[in-house]
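The exercises below ask you to read a protein model step by step. Try each task with the structure in view before you turn to its worked solution.

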Amino acid sequence: MQEFQIDLQLQLVFLLRLVSSALCGMVIGWERENKLKSAGIRTHMVVCMASALMMIISKYGFMDVVSCSSVHVEVSHIAIGVVQAIGFIGAGVIFVRGDNIIRLTTAAGLWATVGIGLAIGSGLYVLGFAATIFILLIQFTVHRKDHKSSFTEAGNIEINFSRHKLTLEEAEEKLSDFNVILQNASLSHNKEGESIFSASIFCSSSVSVCETVSGIIESSFVDRIQVYTID
């Protein structure tokens, strides 16, 4: 069988598709990382670029086989496999804590990022770029808000302050200095006897969640902090 050669110009087009898909993934990942999500820039870049690569292989990787009239190849199988495979990554991102399902939107965003990569990989640049913009608009504009319109729910927060022996009221008072609203606050002790403060936290819309959490972390009364952000 004569080896099929793809010319340099077409390979440069493929390279442009990979770069474009990586940039789209980076933009989506930046928004997620800025909100302290587990899947950030690197994850979205890799997912989007890998999806574009799989689509390129699906469309052009078997041209030497397809050139034989006696061989039929279903080129959509790789793309279908990519969509199915992202389900495993998405399932790993989703976190169930009590009655709350956390990071569901992040998982959905990864699934959408795969679609963007597949679109750009197949040469549908406008569709891929438009989908990227739509996802960003959705993430920035459609967000769960508290009844007080100036505050947005960030998620659940757990703070260890065993060294400072604060009461529940003292902890709430100190956290109120960061312009946050706390709901369902409680104070418990783990197996090691450490004091753990837990609450749902609403951050001011004028300040990013990352900035608010960074300020709390730098406080002298905090030993350790864990934030379970919602989407």
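A residue counts as buried when its relative accessible area is under 20%, as exposed when that area is over 50%, and as partly exposed in between. Keep in mind throughout that this is a predicted model.

**Exercise 1. The chain as a whole**

Task: Find how many helices and strands the chain has, and state what share of its residues is buried.

Solution: Begin by counting the elements, which gives 8 helices and 6 strands. Next, follow them along the sequence, where they appear in the pattern α-α-α-α-β-β-α-α-β-α-β-β-α-β. Then apply the cut-off for burial, by which 39% of the 231 residues in the chain are buried. Finally, look at the contacts with a separation of 6 or more, of which 67% join residues that are 24 or more positions apart.

**Exercise 2. The length of a helix**

Task: Work out what span helix α5 should have at 1.5 Å a residue, and compare that value with the distance between its end C-alpha atoms.

Solution: Helix α5 runs over residues 104-121 and so has 18 residues. The rule multiplies 1.5 Å by one less than the number of residues, and the expected span is therefore 26 Å. The end C-alpha atoms of α5 are 26 Å apart, which agrees with the expectation. Many residues along this helix are buried, among them Leu110, Val114, Ile116 and Leu118. Just after α5, Gly123 takes a positive phi of about 95°.

**Exercise 3. Two helices side by side**

Task: Describe how α5 packs with helix α6, and say which kinds of residue make the contact.

Solution: Start from the geometry, in which α5 and α6 (residues 125-141) pack at an angle of about 165° with their axes 7 Å apart. Because angles over 145 degrees count as roughly antiparallel, α5 is roughly antiparallel to α6. The crossing of these two helices is left-handed. The contact includes Ile116 and Ile120 from α5, and Phe129 and Ile135 from α6. Sorted by kind, the residues of this contact comprise 9 nonpolar, 4 polar and no charged.

**Exercise 4. One residue in its surroundings**

Task: Decide whether Met26 is buried, partly exposed or exposed, and find which residues it contacts beyond its neighbours within four places in sequence.

Solution: Met26 lies in helix α1, which covers residues 8-34. Its relative accessible area is 34%, so Met26 is partly exposed. Once the neighbours within four places in sequence are left aside, Met26 is in contact with Ile41 and Met45. As a last step, consider Val46, which is 20 residues from Met26 along the chain, while the C-alpha atoms of the two are separated by 8.8 Å.

Technical notes. Residues numbered from 1 in each chain as written. Predicted model: local features only at pLDDT ≥ 70, side-chain atom pairs only at ≥ 80, totals over all residues. Heavy atoms only, no water. Helix = DSSP H or I, 4+ residues; strand = E, 2+ residues; numbered from the N terminus. Buried < 20%, exposed > 50% of the residue type's maximum accessible area, 1.4 Å probe, protein only. Axes fitted to C-alpha atoms, helices over the stretch in contact; angles between N-to-C directions. Parallel < 35°, antiparallel > 145°, perpendicular 65-115°, else oblique. Left-handed = near helix turned anticlockwise from the far one by under 90°. Contact = heavy atoms within 4.5 Å. Nonpolar A, V, L, I, M, F, W, Y, C, P; charged D, E, K, R; others polar.
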